[in-house]
Amino acid sequence: MPTGVEANIFKALMDRLLALTLTPAQAIAAPNVAFPPAGQTKPKDYLEVTFLPNPTTTRTVGPGRQQHRGIMQVTVHYGSGTGIVVPLQRADQIIAHFPKDLILYESGVRVKVYRKPYAIPLPPSNGTLMVPVTIQYETFAA
C-alpha cells in the first residue's frame, strides 16, 4: 500500500488504467519499470504512462489540506503502417475509461478527473505514431 498523497494518486489512476480491457491487449510501459521486461522484445504497439504532478496549492478547504493537481499522460504508440484511425480509436477507449468527474479512491485519498481527457496526435517519428492522452486530476489532501 503506498504512503503519501502523490503515491496514492498515481496508484488510483494506474489501477484504473490496468482495469481497462483492450482487444488486442497492449503492454504498458510504467514509470521507472524496465520495459520491455528482460528477455523480451519491445512491442511496436504499446501504451506508455507518464505521471506529472503539479506543485501543491493551499486552499481554504480545511486545516492543513492542500490542492494536488496534475496530469497522467497515457501515450498510445503504434508502429508505422497502421495509419491514424486505429491509434485514435485506442485513445478514445482510454478517454472513455477516464470520464470527466470520475472519482477514484486509494488509501483515503479521493482523486477526481476534473476535465474530459483529450488526445493530440503527434507527427510520426522513427517509424512510430504517438497519440498522447492527457488525463487531468485533482485531490484535496493533507
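**Exercise 1. Count the helices and strands, and give their order along the sequence.**

Solution. The protein has 2 helices and 8 strands. Both kinds of element are DSSP runs numbered from the N terminus: helices are H or I with at least four residues, strands are E with at least two. Now read along the sequence: the pattern is α-β-β-β-β-α-β-β-β-β.

A note on the model. It is predicted, so local features need pLDDT of at least 70 and side-chain atom pairs count only at pLDDT 80 or more, while totals for chains, interfaces and linings use all residues. Residues are numbered from 1 along each chain as its sequence is written, and side-chain values use heavy atoms, with hydrogens and water left out.

**Exercise 2. Describe the overall dimensions, surface and contacts of the protein.**

Solution. Start with the C-alpha trace. Along its principal axes it spans about 55 × 30 × 25 Å. Next, take the surface. The accessible area comes to about 7900 Å², and 56% of it belongs to carbon and sulfur atoms. These areas come from the Shrake-Rupley method with a 1.4 Å probe. Then turn to burial. Of the 142 residues, 37% count as buried. Buried means under 20% relative accessible area, exposed means over 50%, and partly exposed lies in between (1.4 Å probe, protein chains only). Last, the contacts, meaning heavy atoms within 4.5 Å. Among contacts with a separation of 6 or more, residues 24 or more positions apart account for 62%.

**Exercise 3. Check the length of helix α2, then find its buried side.**

Solution. Helix α2 covers residues 85-97, which makes 13 residues. The expected span is 1.5 Å times one less than the number of residues. That gives 18 Å; the end C-alpha atoms are 19 Å apart, which agrees.

Now list the buried residues of α2: P87, R90, A91, I94, I95 and H97. They cover an arc of only 165° around the axis, so they sit on the same side of α2. The arc is that of the directions from the helix axis to the C-beta atoms. The face turned away from this buried side carries the exposed residues V85 and A96.

What covers the buried residues of α2? The cover includes α1 (5-18), β2 (46-53), β4 (66-79), β7 (118-119) and β8 (128-141).

**Exercise 4. Place G70 and state whether it is buried or exposed.**

Solution. G70 is in strand β4. Its relative accessibility is 1%, so G70 counts as buried. Leave aside its neighbours within four places in sequence. G70 is then in contact with L52, P53, N54, I135, Q136 and Y137. Compare one pair across the sequence: G70 and T139 are 69 residues apart in sequence, and their C-alpha atoms are 9.4 Å apart in space.

**Exercise 5. Locate the cis peptide bonds at P24 and P36.**

Solution. A cis bond joins T23 and P24, with omega about -5°. P24 is in the loop between α1 and β1 (27-29). A cis bond also joins F35 and P36, with omega about -5°. P36 is in the loop between β1 and β2.

**Exercise 6. Where do N32 and N126 lie, and are they buried or exposed?**

Solution. Take N32. It lies in the loop between β1 and β2. Its phi is positive, about 60°, although N32 is not a glycine. N32 is exposed, with a relative accessible area of 85%.

Take N126. It lies in the loop between β7 and β8. Phi of N126 is near 55°, a positive value in a residue other than glycine. N126 is exposed, at 79% relative accessible area.
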